[in-house]
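Let's explore a protein model together, one question at a time. Have a look at it first, and then we'll reason our way through a few of its features.

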Amino acid sequence: MGEPMERRRFLKVLGVTGGGAALLSGCGIGPEPTEKLIPYLIPPEDQVPGTPTYYATTCRECPAGCGLHAKVREGRVVKLEGNPESPINHGRLCPRGQAGLQGLYNPDRVAGPLERTGDGQWKPIAWDDAIGRVAAKVKGARGKGIVFVTGHESGAFGELVDEWMRQVGGRHVIYEPFAFEALREGNRLAFGTSAVPWYDFANARYLVSFGADFLDTWVSPVGYQNGFARAHGFQAGRDASMAKFVFVGPRLSLTGMNADEWIAAAPGTEGLLALAMASVIVRERLAPVPSDAARLASLLSRHAPAQVASAVGIEPSVIARLAREFAASKGGLAVAGGIAAQYPNGAAIVAAANILNYVAGTVGKTVKFGPNDSLGGAGAGSFQQMADLVSDMEAGKVAVLLVHGANPAHSLPGAFSQAIAKVGFKVGFSPYLDETAAAADLILPDLHPLEQWNDARPRAGLFALLQPVMQPVFPDARHTGDVLLRAAGRDQTFQEYLQGRWRELHRRHGGGKSFEQFWSEALQHGGVYGEAPLQPVRLASGVAQLTATPPALAGGPGETVLTVFPSIGLYDGRGANKPWLQELPDPVSKITWHAWVEVHPATAARWGVTNGDFLLLKSPYGAVKAPVWITPGVRPDVLAAATGQGHTAYGRYAKDRSGNAFELLSSAPNGYGGRTFSVAVSVVKTGEHRRLATAEGDPRELGAHNVEVLPLGRARQLKSGEHAFEEHEAPAYAERALEDWAAAQQQKASLGNYAGEHPRWGLAIDLATCTGCSACVTACYAENNIATVGEELVVRRRVMSWMRVERYYTGGEHGEPVGAVVTPMLCQQCGNAPCEPVCPVFAAYHTADGLNGQVYNRCVGTRYCSNNCPYKVRYFNWYNFAEQGGEWESWPAPLDMLLNPDVTVREKGVMEKCTFCVQRIRGAQNRARLEDRTVRDGEIVPACAQACPSEAIVFGDLHDRRSRVSELAQDPRGYHVLAGLNTKPAITYLAKVVHDG
């Protein structure tokens, strides 16, 4: 594999290299050797030791194209944040985006080009020889079948691949395991266009999701979550139009958990419900119906509520109520996708949702064609193209196969893996030895997106740039664009090719600036952000012939419907080699490091299984063994399993973990050219059992009131100064003693460093907007050098995460509807902290500005503080996770390069906890002191608050009555968790607000 760059060598090279400034400016990084040496006595102009530099780039962890700010310290990226200027993510970032760092520094990256020897082993090969071999093989394969498979590419690299394939007579196949074919085809059926519009969640007043997991993995989850929080959140004093959200689908996903109402429709019947709602709106004239909607008369008459209610599994009156509420809102938004688009009739379900939007008059208001997503159009690729390729490979019609940014050997484990053996010459451009690369003859490792030039066009009117923000971690890796240009005989670098494309953009959007100025400003801002005009759409001519009848999914009496859904963290498996994502508890199941199958309690009782019992799931296409997780969030006649695990390669963190859910699915395309992710399975109990690697406590609150909930009507009635939740910090008989104790404490607080006025740092967490997505959890790992401990220690409950998101189920008893609530739990920075007085060595102490400090080099590990903490938010280092080569090492080189130099790496035997990112607090205070001013409200943003896509977390000084956090702390919805213990937390939770009834 070659020797990775050691951190010491990296810093030594940077310290003496005058090219450091150019390297870090993102202008001209390449494999060329540095020619001029300058002592570090003359430092790079844009580098101040100890001061971070930020560079704008674009995330490539999924097709959404979120903007990034990369925080660089002494030449290495140590943190990724959202770019506030990006219209896609508005400065926020999901867990997968945060974990991009672990792809950059992954210890299992391929360090240089490799070729397979005759005995199947890998050996290094020089780049010139490797590129020459590719060029020769391609030249000899003209007319015999040349195929280049890539992931979703919306920018210059995809255009380069297209150009080269046209030049050599090959074809470009775009492959994404979740490619939204149903969404494109459903739009074509309804409106005659396969474009994917922009859904304006922020301005919606009533939301209905027919299986579209827009808070999980659907289209652009960070941007959509931000808009959803604005629409569905509650703000006192705002108009009384907090959006209602109804989720329709057989499984309660993260998106479904945030709904006001869950309609557990039978699988495949979501389209029937959408058409029935449209039928009510048209029949009762609840909205101004467009003139061309008359052609829908026969279609809607066949889908009246009484005709479809039994198939869906709800009462006709419920359908009528939903339709009336949707129309009355005058700002409805219906979206379809996710599981509902994975059935054989998925395109018809999307078309039905489009019809509902159209008759309600919301197309052009909340459904906006024009600023279309790059996932739409002919260039987005489809599963049909991949199926055709597999057929050609099986038939020996492919002589040369090149794969970049895709891993079809994992997501098509049967068909593709068998067919690739019949291809004469295979080239993998993966930076990792994944399943597809492992089957190649030649591996030419690409640079990580944080090391390379590229661009993306995530939405019409938006042009996002990628620039190298640091020197390549592995110097012998090379940009695939440079490799293709050389193989094509073109004398230019990919940077020059990219700039050539942007010169065309400059002619249209330059505004009179020189290209150099235009290019420099685009790099600074992360791209060029314009707006595309809206495009009107009308009903397609054949829409009346739409058939939304659900397919027969289960074949026999002994079979059950299984729905396979993308993992929130691991997605289609591409995140499985990142330990942050493996250890991140799934927001729904709270399981880490392995797969599971979701089973309803009634089904589990009938089968006689409990949590951790293994089931063998058999479909006509394969078999997978998985442990049971029992949940009320799935229909009794449905099982659910996530993708992401089951790798046979892909590095130490991914390999040989559980089964691969893709093995249960058909490799044949369905009627609309997509893949069906629902399948009938037979179930066999194996008799095996394991303890689940879960972070879940009790699934019910058991009356603890950790999450308070207010009906919308009650929340609207609250006035300033009121308090919805009465808090008694102590019983009446103890009040005198507390007063005397408080007076003594006040006297001690006037001594030494505690004298004078100090801030009291606090948080406000709005549960009306928090979705439980866990972006805050991963951000905390990244910022605070938190160790990942692995599956075995998770099972033993020794997770080190300073934040956890607790999930509690509600209802499900006595006919009550099933739902869920979530709350982030972290150190409450108590004013009367139970942890502090019990520490025998004063490692736990109270700072002058109200933090519960922890002195690591004083701690002797008695764990008294953890025992005394009622919130259980202190974490003990049972092992030395920083020991290089140790059994429990968390940061094997070069993964240790992501460690934040502002935060101590803790040792074995030390207790640790959240400190509100004290390093950020002290940094802001030092800057303010140097500038002779006070810290401004909003200047300090902890990592959790900065990442939160919902903007649910606010930080500031509780003593500053003008600060936003102080205002929220006085909000009538505010409460403190376990307030009766008199701990006086610095975190105020704002109660979740739900629609009445």
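**Helices, strands and a salt bridge**

Q: How are α6 and α19 oriented to each other: roughly parallel or roughly perpendicular?
A: Keep in mind that this model is predicted. The axes of α6 (residues 156-168) and α19 (residues 480-487) cross at roughly 20° and come within 11 Å. Angles under 35 degrees count as roughly parallel. The two helices α6 and α19 are therefore roughly parallel.

Q: How many charged residues does the contact of α6 with α19 have?
A: On the α6 side, the contact is made by F157, L160, V161 and W164. From α19 come T480, G481, L484, L485 and A487. By class, seven residues are nonpolar and two are polar, and the number of charged ones is: no residues.

Q: Which strands stand at the edges of the open sheet of four strands?
A: Read the strand order, which is β34-β27-β36-β35, with mixed pairing. An edge strand here has a single partner strand, so one side of it is left without a neighbour in the sheet. That describes β34 (953-957) and β35 (974-975).

Q: Which residue of β34 does W761 stand opposite?
A: Strand β27 (residues 761-766) pairs with β34 in the antiparallel sense, over five bridges. Opposite W761, in β34, stands D957.

Q: How many residues apart in sequence are the parts that E153 and R60 tie together?
A: E153 and R60 form a salt bridge, with their closest N and O atoms 3.4 Å apart. E153 lies in the loop between β6 and α6, and R60 in the loop between β1 and β2, so the pair ties together parts whose separation in sequence is 93 residues.

Methods:
Residues numbered from 1 in each chain as written. Predicted model: local features only at pLDDT ≥ 70, side-chain atom pairs only at ≥ 80, totals over all residues. Heavy atoms only, no water. Axes fitted to C-alpha atoms, helices over the stretch in contact; angles between N-to-C directions. Parallel < 35°, antiparallel > 145°, perpendicular 65-115°, else oblique. Contact = heavy atoms within 4.5 Å. Nonpolar A, V, L, I, M, F, W, Y, C, P; charged D, E, K, R; others polar. Pairing = 2+ DSSP bridges. Salt bridge = Lys/Arg side-chain N within 4 Å of Asp/Glu carboxyl O.
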